[in-house]
Amino acid sequence: MSATTWSWLVLLFPLLGSITIALGFKALPAKVAGVIGTVSIALAFACGIAALISLLGEDPEARHHASSLWDYASVAGLDIKLGIFVDPLSIFMVLVVTGVSTLIHLYSYGYMQSDEGYHRFFSYLNFFVFSMLLLVLAGNFVLLIVGWAFVGFASYALISFWYRRETATRAGMKAFVINVVGDIGLVLAAFLIFRELGSFDYGTVFERAPEAFTTNEWTIVAICLLLLVGAFAKSAQLPLHTWLPDAMEGPTPVSSLIHAATMVTAGVYLIARTHVLFELAPTVADIAAFTGLATLLVAATMALVMTDLKRAIAYSTMSQIGYMIMGVSIGAYSAGMFHLMTHAFFKALLFMAAGSIIAAMANEQNIDKMGGFGRAMRFTSITFVCGALALAAFPGTSGFFSKDEILAFAEARGGMYLIFTVLGYVGAFLTAIYAFRLVFRVLPGRPCPEAQELIETGHLHHPHGPPVNPATGEPEDTDVGFPGAEHHIAEGSLPMRVAMGVLAVLALVGGLVQIPGVDDVVEKWLDPVWEGSPLAAIHPSLGQDYVGLGIGGFIALAGIGFAYLLYVRRPELPRTLERRLRPLHTLFANKWYFDEAIDLLVVRPALAIGRFANRVFERVVVDGLVSGTEGTVRGASEVVRTVQSGFVRSYALLLIAGFAGLALYFLLSSS
Amino acid sequence: MSIEWYIVLSALLFATGAMGILIRRSPMVILLCLELMLNAGNLALVAFSRMVGNGEGQIFAVIVMVVAACEVVVGLGLIVAIFRRRLPLNVDDLRELRG
């Protein structure tokens, strides 16, 4: 079978899984639903591998195919097909998405076991994977937007999964609204592209674009800026990032799959996919790169001070996506995609390990209350350290190779782009500190009561009393929106251990596929996609690569050492630093006041305009028109009604007088 | 005898009926006055028929009588119904259908 057939099958299985689970939720036992969900994604992964093999059998230059099933919309010169575009980039994304998703489904199978919404969860999760695959396989901008909006919805549904939790539903709405801002940007960009180039098809658009636009012409600048709005909203870049930390209200597998490994990297994919357009608007590409740089630094500082375990990892996600956005914007396409892949491995792993710890803590996420889990949960701790090592770019791990690839490219491009290298290393230093801050705060030290209980008895008792939301203390609705009273930790669940084990191995050795000058698998595979791009022709020399790796390794070790000094050797030092740098700490802990700024600049004016419109337009104009019409009709009927007096004799008088009048008229006019 | 006498008599009868309808309040009397008006019409029809010299006018008069009989049936039925419900037999009081 051809690569396109396999790709259609990749799309089919998650969709079938989602529908089957959704329709059969009454008939299917919970375990069966979990198996269906996991197996359908695993089948999609297998089909992705088959598509990969089938593409490998072809000439590197011929590895792009468009295929369409039927017309999606065909009117007046507009011909949109339900079509997919299969090339190394989309297959790369398919493999990352389905591969990581399979493992996360497996993890959820154990983790969500006692949840009331088990079927709902797997149906949503399969739907999400389908949407994400549609997004990456789409063959034109319309289907891209469909997939884009679908993943937005799936994200909303899964953040608000425990829908009786006030905090969760609020976070879901916030994520949805900010994502819709991005959707609008993307839709407007697609409109502009159609107006200028007369097509939505990737092939046609990228072929016509270089002839239709001159460099930095205002239309292409507008298109790229609008695309960036979409990419930034989805990928949580400044200033549209505030939804991502709040999205941690969702179940941990959701944070792991959607808000770390796959959906939030859609913006990176979008920029890589439309790199032809961005090369025509280098100014916008630089704006994107600087935004990525700003995000990676700002998010890293926030990750340094967060006391919520999952939120700290969420800020780290933002920061890492900043690296990717920076990479694909400056032209390090393969490196950016490579970092996307390794990040999917280690960040999914970190979230899984965090989920296991949070389950042990009965949904408490505050790291101030944790400690001593290193002895209590050996497997979880080992995988957590593996993930943290990869995140901190410890030499030899996957993050080590991918992060430095981006920074080495920036160095090779030279000039202004050296800023990215230098500040990228600053970010790497912060990354190592915050990654190991979490490790040192949670794993060693005096065991907290839960850890103590695990060490002594090997299992955890269920908490007594009615369950409450640990974030707000409000009582939980145990019928629907409730994670369950059980503690599903990795130590007690084989599927969770398998998923985490595989990811831990990948996080450690996943980088070996792309050792500069040795194998370069990812780069060679993705190279045909960037064919003809002048930026992709820039390659850092081997010397630059290895010097970069050396600096990166040294910085990672320094960061880890610094974290060790701060959080293990001299645990009082962070407090002292906090007091000394009070304003800075306040700024970081309050997330740079982004929420407040957005509230002040967008939400409040919008509310004020709304109130003004309510007072003036609604109350005066609209209500005036409506009640004016009503008053006229009422007044007229008042007059007419007085004639209907009910006096039969007055009717008779009118009748007779009328006829007499008529008779007189005819008599007079005839004579 | 010329036609004018008949016409004048018919007109007088018609005016009497109309006046009765306008000034009397009893539904019974109103019904009688209606009959008077119809028969004024009949008289005119018959007179014209004699003047023209064929029977068509008389046929019309017979039809009007049939209509009048039907109308009396309905009218008297209403009056009986009103009477049975012990409502006042006064058209000025029976005005629940006012707008």
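This briefing covers a helix pair, three backbone outliers, one loop residue and the contact between two chains. The model is predicted. In chain A, helices α1 and α2 run roughly antiparallel. A cis peptide bond joins A:Leu238 and A:Pro239. Positive phi values appear at A:Ala393 and at B:Arg86. Chains A and B share a contact, with ten residues from each.

**Helix pair in chain A**

- Two packed helices are described by the angle between their axes and the distance between the axes.
- Helix α1 of chain A spans residues 3-23, and helix α2 of chain A spans residues 30-56.
- Their axes come within 8 Å and cross at roughly 175 degrees.
- Angles over 145 degrees count as roughly antiparallel, so α1(A) is roughly antiparallel to α2(A).
- The contact of α1(A) with α2(A) holds 17 nonpolar residues and seven polar ones. Charged residues are absent from this contact.

**Backbone outliers**

- Most residues other than glycine have a negative phi, and most peptide bonds are trans.
- The peptide bond between A:Leu238 and A:Pro239 is cis, with omega at about -5 degrees.
- A:Pro239 sits in the loop between α8 (218-234) and α9 (243-246) of chain A.
- A:Ala393 is not a glycine, yet its phi is positive, near 60 degrees.
- The loop between α17 (378-391) and α18 of chain A holds A:Ala393.
- A:Ala393 has 31 other C-beta atoms within 10 Å, so it is buried. The cut-off for buried is 20 or more.
- B:Arg86 also has a positive phi, near 55 degrees.
- B:Arg86 lies in the segment after α3 (56-84) of chain B.
- B:Arg86 is exposed because 6 other C-beta atoms lie within 10 Å. The cut-off for exposed is 12 or fewer.

**A:Tyr417 and its surroundings**

- A:Tyr417 is in the loop between α18 (398-413) and α19 (418-442) of chain A.
- With 20 other C-beta atoms within 10 Å, A:Tyr417 is buried.
- Leaving out residues up to four places away in sequence, A:Tyr417 touches A:Ile330 and A:Ala410.
- A:Asp286 is 131 residues from A:Tyr417 along the chain, and their C-alpha atoms are separated by 9.3 Å.

**Contact between the chains**

- Chain B gives ten residues to the contact, and chain A gives ten residues.
- On the side of chain B that touches chain A, five residues are nonpolar, one is polar and four are charged.

How values were computed:
Residues are numbered from 1 along each chain as its sequence is written. Chains are lettered from A and ligands numbered from 1 in the order in which they are written. This is a predicted model: local features need pLDDT of at least 70, side-chain atom pairs count only at pLDDT 80 or more; totals for chains, interfaces and linings use all residues. Axes are lines fitted to C-alpha atoms, for helices over the stretch in contact, and angles run from 0 to 180 degrees between N-to-C directions. Helices (H or I, at least four residues) and strands (E, at least two) are DSSP runs, numbered from the N terminus. Angles under 35 degrees count as roughly parallel, over 145 as roughly antiparallel, 65 to 115 as roughly perpendicular and the rest as oblique. Ala, Val, Leu, Ile, Met, Phe, Trp, Tyr, Cys and Pro count as nonpolar, Asp, Glu, Lys and Arg as charged, and the others, Gly among them, as polar. Two residues are in contact if their C-beta atoms, placed from the backbone, lie within 7 Å.
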